[in-house]
Amino acid sequence: ITLNNSFELGDINSDAFINVNDVVSLINYILLYDEFDDEILILADMNFDLELNIMDVVILVDIILTNN
């Protein structure tokens, strides 16, 4: 899913690729921060529940594994 024609859902680090680096970034956000800015929430909320948690990681990993 492309957001605003410039960012893609799951591209947490905004490098134009969805890969393991995005998984690491997502896990770091979940572990290190209690609140998230809107851009990170939009890019990382894989199940659209307005929270970042392990389910978002699972969905992101599944996307990476099924698209490669």
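1. Helices and strands in this note are DSSP runs, numbered from the N terminus. On that basis Ser25 belongs to helix α1, which covers residues 20-32. The structure under discussion is a predicted model, and the points below should be read with that in mind.

2. Confidence comes first. The mean pLDDT of the protein is 89, and 90% of the residues score at least 70. Among the elements, helix α3 has the highest mean pLDDT, 96, whereas strand β1 (residues 2-3) has the lowest, 50. Where pLDDT is low, the predicted coordinates should not be read in detail.

3. The largest nonpolar core consists of twelve residues: Leu9, Ile12, Val23, Leu26, Ile40, Leu41, Ala44, Met46, Leu52, Val57, Leu60 and Ile64. Two or more residues of this core come from each of α1, α2 (38-44) and α3 (54-67). As background, nonpolar side chains in soluble globular proteins tend to be buried together.

4. Leu60, one of the residues of that core, illustrates how separate parts of the chain meet. Neighbours within four places in sequence aside, Leu60 is in contact with Gly10, Ile12, Ile18, Asp22, Val23, Leu26 and Met46.

5. Helix α1 deserves a closer look at two adjoining positions. Ser25 counts as buried because its relative accessibility is 17%, under the 20% limit. Beyond its neighbours within four places in sequence, Ser25 is in contact with Ile12 and Asn13. Val24 is also found in helix α1, but at 44% relative accessibility it counts as partly exposed. The C-alpha atoms of Val24 and Ile12 are 9.1 Å apart, with these positions twelve residues apart along the chain counted as their separation.

6. Asp56 is a polar position that merits attention in helix α3. Its relative accessible area is 0%, so Asp56 is buried. The side chain of Asp56 reaches the backbone nitrogen of Asn47 at 3.3 Å. Leaving out neighbours within four places in sequence, the contacts of Asp56 are Leu26, Ala44, Asp45, Met46, Asn47, Asp49 and Glu51.

7. Met55 lies in helix α3 as well. With 42% relative accessibility, Met55 counts as partly exposed, whereas Asp56 is buried. Met55 and Asp45 are ten residues apart along the chain, and their C-alpha atoms are separated by 9.1 Å.

8. How many aromatic pairs does a search of the whole structure find? The search finds one. The ring centres of Tyr29 and Tyr33 are 5.7 Å apart and the planes stand at 40 degrees, so the pair is tilted. Tyr29 is partly exposed, with a relative accessible area of 25%, and Tyr33 likewise counts as partly exposed, at 45%.

9. Two backbone positions should be checked by the reader. Most residues other than glycine have a negative phi. Ser14, in the loop between β2 (7-8) and α1, nevertheless has a positive phi near 55 degrees; Ser14 is partly exposed, with a relative accessible area of 34%. Phe48 is not a glycine either, yet its phi is positive, at about 55 degrees. Phe48 lies in the loop between α2 and α3. With a relative accessible area of 56%, Phe48 is exposed, because that value is over the 50% limit.

How values were computed:
Residues numbered from 1 in each chain as written. Predicted model: local features only at pLDDT ≥ 70, side-chain atom pairs only at ≥ 80, totals over all residues. Heavy atoms only, no water. Helix = DSSP H or I, 4+ residues; strand = E, 2+ residues; numbered from the N terminus. Buried < 20%, exposed > 50% of the residue type's maximum accessible area, 1.4 Å probe, protein only. Contact = heavy atoms within 4.5 Å. Phe/Tyr/Trp six-rings, centres within 6.5 Å; stacked < 30°, edge-to-face > 60°. Core = buried A, V, L, I, M, F, W, Y, C linked by side-chain atoms within 4.5 Å. pLDDT = per-residue confidence, 0-100. Polar contact = N/O pair within 3.5 Å; in protein donor to acceptor, adjacent residues only side chain to side chain.
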